[in-house]
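Here is a walk through one fold, starting in the middle of its sheet and working outwards. Keep the viewer open and follow along.

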Amino acid sequence: MTDDLHPQVRDLLSKLNELGVPKTQDLSPIAARTVLETMSKARTLDYPPPDVAEVVNTETGSDYGNVPVRIYRTAGSDKAPVIVFFHGGGHVIGSLDSYDTVARFLALKAGCTLVSVDYRLAPEHPFPAAVEDCYAATRWVADHAAGLRVDPTRLAVCGDSAGGNLAAVIALMARDGGVGLSAQALIYPVVDYRNQTPSYARYGKGYGVLEAETATWFMEKYLPDEAQRDDWRASPHLAESLAGLPPALVLTAECDILHDEGLDYYQQLQAAGVPAEHVEFPGMVHAFFNYLGFVDDAERAHEAVAGFLRKAWC
């Protein structure tokens, strides 16, 4: 096990190795989803999901693609600020259930309503299906704010990994489509699917669930046409301009193959005049935002996102 990992991460990864958890890239998409859902359910035995005031499963309706969503409301949440949240999983795995604890915890920390989006997954639904679903869900929240009891002037997008990719893309689409966003919170986002940054070499093997081979596995299923990888809706780093985007937080983990592209995107946002903040967690690996109850920095990362959003909503 590598020496630069935080001791809590090193211990957690050692336990996963002892359990013989298979690598995602060695599985079929269906098997990989099953492994993630099983592990997520097992984790709730050690770290029960926190209670929120209300949880509602619904969908956006036919005018917005009938996208399934799960709404988390916290106490006193009438006309509340709202996060539209996109889960991670390489656009291939992940679900409302596997991110239920994260969604609850973040909603409580930020004191808001959170709408978690169950977008379509590849390879059954490759690019741009996830983009279309997430943008439709964001428009639905903005257009139905009164009925959802949320404040459309305090609407943020947020996601981790592939969800961070989608949040960055939706922020660009919202800017161009006239959907007002107050903030974007990007948690170790995928922003350049060409996979060429130096952190791929530094952390490509032995640093947790996302190895360089795993990223390629995801990419080939989400973006089967190589030309799609140069589309800014897949790689927002390649957008013609980032000017005019809402304030951004980019959160990175030091020991993550996506570290460098996240840092590059933060600098790109700054250069475009976007109010941007960067928070890095030393010794952390990809997916640590999900390790609530196991790694102390997971809670600190939630607090960092929540604090950034509360400031944006003031």
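Let's begin with strand 3 and strand 4: these two run parallel and are joined by five bridges. Keep in mind that this is a predicted model. Within that pairing, Phe 86 sits opposite Val 117 of strand 4. To get from strand 3 to strand 4 the chain passes through helix 3, and the β-α-β crossover it makes is right-handed.

Strand 3 has another parallel partner, strand 5, with six bridges between them. One pair to look for there is Val 82 with its bridge partner Leu 155 in strand 5. How much of strand 3 is buried? Seven of its seven residues are.

**The whole sheet**

Zooming out, these strands belong to an open sheet of eight strands with mixed pairing, in the order 1-2-4-3-5-6-7-8. The edges are taken by strand 1 (54-59) and strand 8 (276-285); each has a single partner strand, so one side of each has no neighbour in the sheet. From one strand to the next, the twist averages 20°. As a general reminder, strands of a sheet pair through backbone hydrogen bonds, either parallel or antiparallel.

At the strand 8 edge, strand 7 (residues 248-255) pairs with strand 8 in the parallel sense, over seven bridges. Leu 251 stands opposite Val 279 of strand 8, and Cys 255 faces Val 285 in strand 8. The link from strand 7 to strand 8 goes through helix 9, and this β-α-β crossover is right-handed.

Here are the parallel pairings described so far, for quick lookup:

| Strand pair | Bridges |
|---|---|
| Strand 3 and strand 4 | five bridges |
| Strand 3 and strand 5 | six bridges |
| Strand 7 and strand 8 | seven bridges |

**Helices on the sheet**

Helix 3 (residues 100-110) packs on the sheet and touches strand 1, strand 2 (68-73), strand 3 (80-86), strand 4 (113-117) and strand 5 (150-160). The direction of helix 3 makes about 40° with that of strand 2. Why call helix 3 largely enclosed by the rest of the structure? Because nine of its 11 residues are buried. Among them are Val 102, Phe 105 and Leu 106, along with Asp 100 and Arg 104. Right after helix 3 comes Gly 111, with a positive phi near 65°.

Helix 9 (residues 259-271) lies across strand 6 (183-187), strand 7 and strand 8, and runs at about 155° to strand 7.

**A buried acid in helix 9**

Asp 260 is worth a click, and its place is in helix 9. Is Asp 260 buried or exposed? With a relative accessible area of 12%, Asp 260 is buried, the cut-off for buried being under 20%. Its side chain makes a polar contact of 2.8 Å with the side chain of Arg 202. Another polar contact, of 2.7 Å, joins the side chains of Asp 260 and His 259. Setting aside neighbours within four places in sequence, Asp 260 is in contact with Thr 197, Pro 198, Ser 199 and Arg 202.

**What about the cysteines?**

How many disulfides does the structure hold? Zero. For Cys 112, the closest cysteine sulfur belongs to Cys 158 and is 9.2 Å away, which is too far for a bond; a disulfide needs the two sulfur atoms within 2.5 Å. Cys 134 is in no disulfide either, with the sulfur of Cys 158 as its nearest, 12 Å away. Both residues are tucked away from the surface: Cys 112 is buried at 0% relative accessibility, and Cys 134 is buried with a relative accessible area of 0%.

**Out on the surface**

For a contrast, try Lys 15, found in helix 1 (residues 7-19). Lys 15 counts as exposed, at 53% relative accessibility. Lys 15 and Val 179 are 164 residues apart along the chain, and their C-alpha atoms are separated by 45 Å.

Technical notes
Residues are numbered from 1 along each chain as its sequence is written. This is a predicted model: local features need pLDDT of at least 70, side-chain atom pairs count only at pLDDT 80 or more; totals for chains, interfaces and linings use all residues. Side-chain values use heavy atoms; hydrogens and water are left out. Buried means under 20% relative accessible area, exposed over 50%, partly exposed in between (1.4 Å probe, protein chains only). Two strands pair if DSSP finds at least two bridges between them. Helices (H or I, at least four residues) and strands (E, at least two) are DSSP runs, numbered from the N terminus. Axes are lines fitted to C-alpha atoms, for helices over the stretch in contact, and angles run from 0 to 180 degrees between N-to-C directions. Contact means heavy atoms within 4.5 Å. A crossover is right-handed if, with the strands pointing away from the viewer, the path from the first strand over the helix to the second runs clockwise. A polar contact is a pair of N or O atoms within 3.5 Å; within protein, one must be able to donate a hydrogen and the other to accept it, and residues adjacent in sequence count only if both atoms are side-chain atoms.
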